[in-house]
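Visitor: I am new to this structure and should be grateful for a close look at a single part. Please describe the interface of chain A and chain B.

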Number of protein chains: 2
Amino acid sequence: VITAGTSQALDLTTTLFSRPGDTVFIEQPTYHLAVRIFRDHPVELAGIPADEDGIKVDVLASTLDRLKRAGKRVAFLYTIPTFHNPTGAVMAADCRRRLVALAAAEQLRIVEDDAYRELAYDGPAPPSLWSLAQPGVVIRLGSFAKSLAPGLRSGFITTDAETAARIIDSGVLDSGGGVSHFASLVIAEFAGSGEYADNVERLRAAYRRRRDALLAALSGLEGRASWRKPAGGYFLWLSLLDGMRTSELLELAEAQGTSFMPAAPFYLDPASGARSLRLSFSRYPPEMLAEAGRRLLAAAARGPLR
Amino acid sequence: VITAGTSQALDLTTTLFSRPGDTVFIEQPTYHLAVRIFRDHPVELAGIPADEDGIKVDVLASTLDRLKRAGKRVAFLYTIPTFHNPTGAVMAADCRRRLVALAAAEQLRIVEDDAYRELAYDGPAPPSLWSLAQPGVVIRLGSFAKSLAPGLRSGFITTDAETAARIIDSGVLDSGGGVSHFASLVIAEFAGSGEYADNVERLRAAYRRRRDALLAALSGLEGRASWRKPAGGYFLWLSLLDGMRTSELLELAEAQGTSFMPAAPFYLDPASGARSLRLSFSRYPPEMLAEAGRRLLAAAARGPLR
């Protein structure tokens, strides 16, 4: 199913596959703008913790059990298993297996945001949850926003035939026959010419250099902050190890002429993000990221973190 | 606010401005695919009769009163006052005035589907409800689907600043910064070159000829069916005056190699449309419409209508 980007797909998925009062599970942290989409619908949100290896499947299972006992219906789990926004994390193979098994057993629908898959820097991206699960479990949201151009507002859903039929049969897709004919045709022409694959390869190479430049620039923070090398996507997640709060570092960083996204908006409970932050490396050339890293270190050196 | 066409705008408007269990008022008949969009949301539908001069404002007032007394909340009225789909009707000036006055007095929001405004064949289209109402009453949905190309999936909302701010602040628009950057830029370039206005003028001239060809072809049905000359838009509404049911005529017409849209899908109660039908003239050249008219007459001549 062709969509007008991941956000339209997520909005439509929420309209079609939730009922008023349902709970939507979201990872903690998660993409904050997806949460804004959910909040426009009459659903409740429940956060499930996730770490560098993915969502905590045991916590998911117990939370699901608790809600079911309370008579609550769960619409779906929204997850970004591959090159997570904001953490850059990749859900581990074992976690993927346990997650799709639990979802199948509990009839829990999974909405897999797979917008960053194409941007893999250290070998191929892991198999999607959709490819691992039995049909009917996963709605996978793909996108051309990251692999080609966000302004095209074009993406796609891969799912089983029955679920796809329900989406295609929605009023909003049926009325116009789709939401993205024009951009999709342009993309199809572009892909048919072979340019799309070349473009993805160029982006991978360029973003890999950017990621590596940022990683090199951060080495001076070792011991004072922790991070993992992101294997793909746009983001690097930094946790401050002691003392300084993200809000303090942000103020000092901006005084140095650099900035970042503090973690608080990625959590239902902003306090959870008090000592973490998201660095985006996709938009800037390596030398600018190196300079930004120097300024971030200078900012950190001025705070109580030192 | 730029939208991905009227259907996406209508879907988003319903998401943002209704609560579960609310009632949405729709004209009877109305655009059947809009109804499909509403049905994807947890709202109830109530039909308000309309005739060639527009919605019955007195029925609207009494229905609103009855629902309010029953403790029901009304989300909005969805109306197509100008070159109606399916009837081609234009809401009369007096009806417009009374409608916006009632809406203001009762704090009833109006969603005005104004997709056909540009296609006026007999002088300028009447002022929109939005232009007549005080701010905060009307959300007007405009479109480039009819005036340029449906496949662009691009349209726009005109409304007051506060309502616009709520729409712009929706999760789905905020996430991608919009839903139609690419097509909208193409349209802006096209409009800036003067081509857009020229194109609308060409469409008006072409569709006027098509409408007139269809009207001429229908003259043989006088006395057996009634219709009004549509002053704009795509559609002519035909009511069979005695005897034949639309379903019978459709079968006979298809045997003659022509077809039309029966009225039933445009009503909540399909029986209401048993003797009406919608003829679309926008897609066919005049000579083909003349031939289709001949075939429709031949079909009518074979039925109990004769």
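Guide: A polar contact is a pair of N or O atoms within 3.5 Å; within protein, one must be able to donate a hydrogen and the other to accept it, and residues adjacent in sequence count only if both atoms are side-chain atoms. Between chain A and chain B, 16 residue pairs are in polar contact, both at pLDDT 80 or more. The model is predicted, so local features need pLDDT of at least 70 and side-chain atom pairs count only at pLDDT 80 or more, while totals for chains, interfaces and linings use all residues. Residues are numbered from 1 along each chain as its sequence is written, chains are lettered from A in the order in which they are written, and side-chain values use heavy atoms, with hydrogens and water left out.

By contact (heavy atoms within 4.5 Å), 32 residues of chain A meet 32 residues of chain B. The buried area, meaning the accessible area (1.4 Å probe) that two parts lose on being put together, summed over both, is about 2,600 Å², and carbon and sulfur atoms give 57% of it. On the side of chain A, A:Arg36, A:Asp40 and A:Phe182 lose the most area to chain B, together 23% of what that side buries.

The interface also holds six salt bridges, each a side-chain nitrogen of Lys or Arg within 4 Å of a carboxyl oxygen of Asp or Glu. A:Arg36 forms a salt bridge with B:Asp169, their closest N and O atoms being 3.2 Å apart.
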